[in-house]
Amino acid sequence: MTAAEEAKQLDSVTDRVKETEIDASKAQQAMSALSSANKEEDSKAAALASVAVSKEDVALIVSELEVTEEEAERCLREVAATAEEGKMLEAALRKLVTSQ
């Protein structure tokens with residue numbers, strides 16, 4: 001086999017990757033979609049952070065269900081909007097038990 005044939009054969013093996021051009025408008029749309037998703041998550045996190053939770057409730061959930069304090073607080077904050085008055089702990093316990 002000659003050197004030219006070897007080079008041609010090597011090129012045929014290594015030329016499998018096709019070069020693609022990135023469409024700038026599609027890339028910009030994807031970046032803006034990610035940005036808006038991050039803004040929505042930030043606003044949701046800020047709304048949840050404004051909800052006050054009882055340290056006793058957090059301690060009870062942590063001791064009984066063996067979850068972290070952060071998970072217990074997040075769950076209490078998430079159910080605060082939908083739970084009846086005085087039933088926030090019960091709603092959080094139900095959510096944690098059924099979701100695991």
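**Note on the predicted five-helix model**

1. Confidence in the protein is lowest in helix 2 (residues 24–49), where the mean pLDDT is 75, and highest in helix 3 (residues 55–65), at 91. The model is predicted. Over the protein, the mean pLDDT is 80, and 88% of the residues reach 70 or more. Where pLDDT is low, the predicted coordinates should not be read in detail.

2. Secondary structure. The protein contains five helices and zero strands. Read from the N terminus, the order of elements is α-α-α-α-α.

3. Burial and surface. Of the protein's 100 residues, 15% count as buried. The accessible surface is about 8,300 Å², and carbon and sulfur atoms account for 53% of that area.

4. Contacts along the chain. Taking contacts in the protein between residues at least 6 apart in sequence, 39% join residues at least 24 apart.

5. The largest nonpolar core. This core has 12 residues in all: Val53, Val58, Ile61, Val67, Ala72, Cys75, Leu76, Val79, Ala83, Met88, Ala92 and Leu96. Two or more residues come from each of helix 3, helix 4 (69–80) and helix 5 (88–99). Helix 4 gives the most, with four residues. In soluble globular proteins, nonpolar side chains tend to be buried together.

6. Met88. This residue is a member of the largest nonpolar core. With neighbours within four places in sequence left aside, Met88 is in contact with Ala52, Val53, Leu76, Val79, Ala80 and Ala83. Among these partners, Val53, Leu76, Val79 and Ala83 are also listed in the core.

7. Glu73. Is this helix 4 residue buried or exposed? Glu73 counts as buried because its relative accessibility is 18%, and the cut-off for buried is under 20%. Leaving aside neighbours within four places in sequence, Glu73 is in contact with Val53, Lys55 and Val58. Of these partners, Val53 and Val58 belong to the largest nonpolar core.

8. Glu66. Here the backbone deserves a look: Glu66 has a positive phi of about 55° although it is not a glycine. Glu66 lies in the loop between helix 3 and helix 4. With a relative accessible area of 72%, Glu66 is exposed, the cut-off for exposed being over 50%.

9. The two glutamates side by side. Glu66 sits in a loop and is exposed, at 72% relative accessible area, whereas Glu73 sits in helix 4 and is buried, at 18%.

Note on methods. Residues numbered from 1 in each chain as written. Heavy atoms only, no water. pLDDT = per-residue confidence, 0-100. Buried < 20%, exposed > 50% of the residue type's maximum accessible area, 1.4 Å probe, protein only. Contact = heavy atoms within 4.5 Å. Areas by Shrake-Rupley, 256 points an atom, 1.4 Å probe, with all protein chains shown as cover. Core = buried A, V, L, I, M, F, W, Y, C linked by side-chain atoms within 4.5 Å.
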